[in-house]
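Student: Please take a close look at the ligand sites and the stretch of chain around them, then set that part against the rest of the chain. Give the cut-off wherever a term depends on one.

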Amino acid sequence: MIVGDLKPMEEIVAMIGGYRKVLILGCGSCVTVCLSGGEREARQLARELSHPMHYREAPPEVSVGSILRQCERDLVAAYQEIDPGTEAVLSLACGAGVQTLAEAFEPLPILPALNTTFFGASSKPGVWSEVCRGCGDCVLSQTGGICPIARCAKSLFNGPCGGSQNGACEVDPTTPCAWMMICYRLKKQGKLHLLETLSPPRDWQPGGGAGPRERIRTGVGLPQ
Ligand code: SF4
Ligand code: SF4
């Protein structure tokens with residue numbers, strides 16, 4: 001899922017400070033699961049942002065809503081609950097959701113309440129860890145299902161850097177060395193021979209190095 005974190009309150013207050021009426025809009029998908037941008041968080045944020053202590057003048061009038069997935073144009077278009085007089089929307093979605101809203105509701109300003117941070121998975125209750133960078137050319141079949149791009153601090157492709165100490169990463173000793181995990185996993189799978197194949201220098205174009213990416217699925221949607 002996409003993981004995001006609430007921006008610092010001062011930054012959010014500075015964004016909405018000039019508006020008199022603001023809709024705070026949660027997103028019902030990834031950011032709900034990682035407890036940063038769902039309807040519940042939108043209501044909490046509305047309570048916080050209604051407090052006069054944040055403003056020199058009167059606080060803006062805030063209302064709260066939610067869309068199941070702000071990154072889906074159809075769901076956004078079906079949302080008809082923006083009160084007249086609303087001057088800005090504070091979105092708790094990821095950057096994809098914010099941009100979808102900005103296009104759908106143009107010229108209404110859409111402001112991001114979250115910093116979109118990574119593609120992650122829940123490692124234990126309340127903790128999400130980065131596991132994928134959307135590189136566009138997945139190598140997990142070669143690495144025992146452990147991503148060397150997202151989980152190795154140096155994104156190495158041909159084994160560890162040599163700085164690993166007692167199984168921990170030299171960049172952050174609280175993090176396990178990804179290549180140690182890869183080696184152990186491949187050993188358990190009886191696939192250590194995969195380490196003998198040298199990975200050539202990476203072509204980063206499928207990972208966004210050649211500009212914005214687009215995927216087209218044929219046979220989807222209404223006939224032209
Ligand atoms: S190799 Fe690429 S696609 Fe596969 S998990 Fe890592 S970043 Fe994601
Ligand atoms: S110690 Fe391991 S995880 Fe850390 S940078 Fe080196 S190879 Fe990557």
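Tutor: What follows starts with the whole chain, moves to the ligand sites, and ends with the cores and the unusual backbone positions.

The model is predicted; local features need pLDDT of at least 70 and side-chain atom pairs pLDDT 80 or more, while totals for chains, interfaces and linings use all residues. Residues are numbered from 1 along each chain as its sequence is written, and chains are lettered from A and ligands numbered from 1 in the order written.

The chain is divided into domain 1, residues 2-117, and domain 2, residues 137-202 (bounds from an automatic or database assignment). The C-alpha centres of domain 1 and domain 2 are 39 Å apart. Along its principal axes, the C-alpha trace of the chain spans about 65 × 50 × 30 Å. Its secondary structure comes to six helices and seven strands, in the sequence order β-α-β-α-α-β-α-β-α-β-β-β-α (DSSP runs numbered from the N terminus: helices H or I of at least four residues, strands E of at least two). Buried residues account for 26% of the 224 residues in the chain (buried: 20 or more other C-beta atoms within 10 Å; exposed: 12 or fewer; partly exposed: in between; C-beta atoms placed from the backbone). Of the contacts between residues at least 6 apart in sequence, 54% join residues at least 24 apart (contact: C-beta atoms, placed from the backbone, within 7 Å).

Now the ligand sites. Around ligand 1 are C132, R133, G134, C135, C138, V139, L140, C147, I149 and A150 (near: C-beta atom, placed from the backbone, within 6 Å). Ligand 2 has 14 residues around it, and those that come nearest are C152, P160, C161, C169 and C177.

R151 is in the loop between β7 and α6. R151 is buried because 22 other C-beta atoms lie within 10 Å. Apart from its neighbours within four places in sequence, R151 is in contact with V131, I146 and A178. R133, one of the residues around ligand 1, is 18 residues from R151 along the chain, and the C-alpha atoms of the pair are separated by 9.4 Å.

N166 belongs to the loop between β7 (127-132) and α6. N166 has 8 other C-beta atoms within 10 Å and is therefore exposed. The phi of N166 is near 50°, a positive value in a residue other than glycine.

Helix α6 covers residues 178-189 and includes M181. With 18 other C-beta atoms within 10 Å, M181 is partly exposed. Leaving aside neighbours within four places in sequence, M181 is in contact with I146 and P176; I146 is also among the contacts of R151. M181 and L90 are 91 residues apart along the chain, and their C-alpha atoms are separated by 40 Å.

L90 leads to the largest nonpolar core, which has 30 residues; I24, L25, V31, L90, L92 and A93 have the most contacts inside it (a core: buried Ala, Val, Leu, Ile, Met, Phe, Trp, Tyr and Cys joined through C-beta atoms within 7 Å). Elements that each supply at least two of its residues include β1 (2-6), α1 (9-16), β2 (21-27), α3 (39-49), β3 (61-67), β4 (88-91) and α5 (95-104). The largest share, five residues, comes from β2. A93 touches C27, V31, G37, Q70, C71 and V98, not counting residues up to four places away in sequence. A second core, separate from this one, has nine residues, including C147, A178, W179 and I182. Of these, C147 is also around ligand 1, and A178 is in contact with R151.

Two further backbone positions remain. L35, in the loop between α2 and α3, has a positive phi of about 60° although it is not a glycine. With 13 other C-beta atoms within 10 Å, L35 is partly exposed. The peptide bond from E106 to P107 is cis, with omega near 10°, and P107 lies in the loop between α5 and β5 (110-112). Most residues other than glycine have a negative phi, and most peptide bonds are trans.

Definitions and conventions
Two residues are in contact if their C-beta atoms, placed from the backbone, lie within 7 Å.
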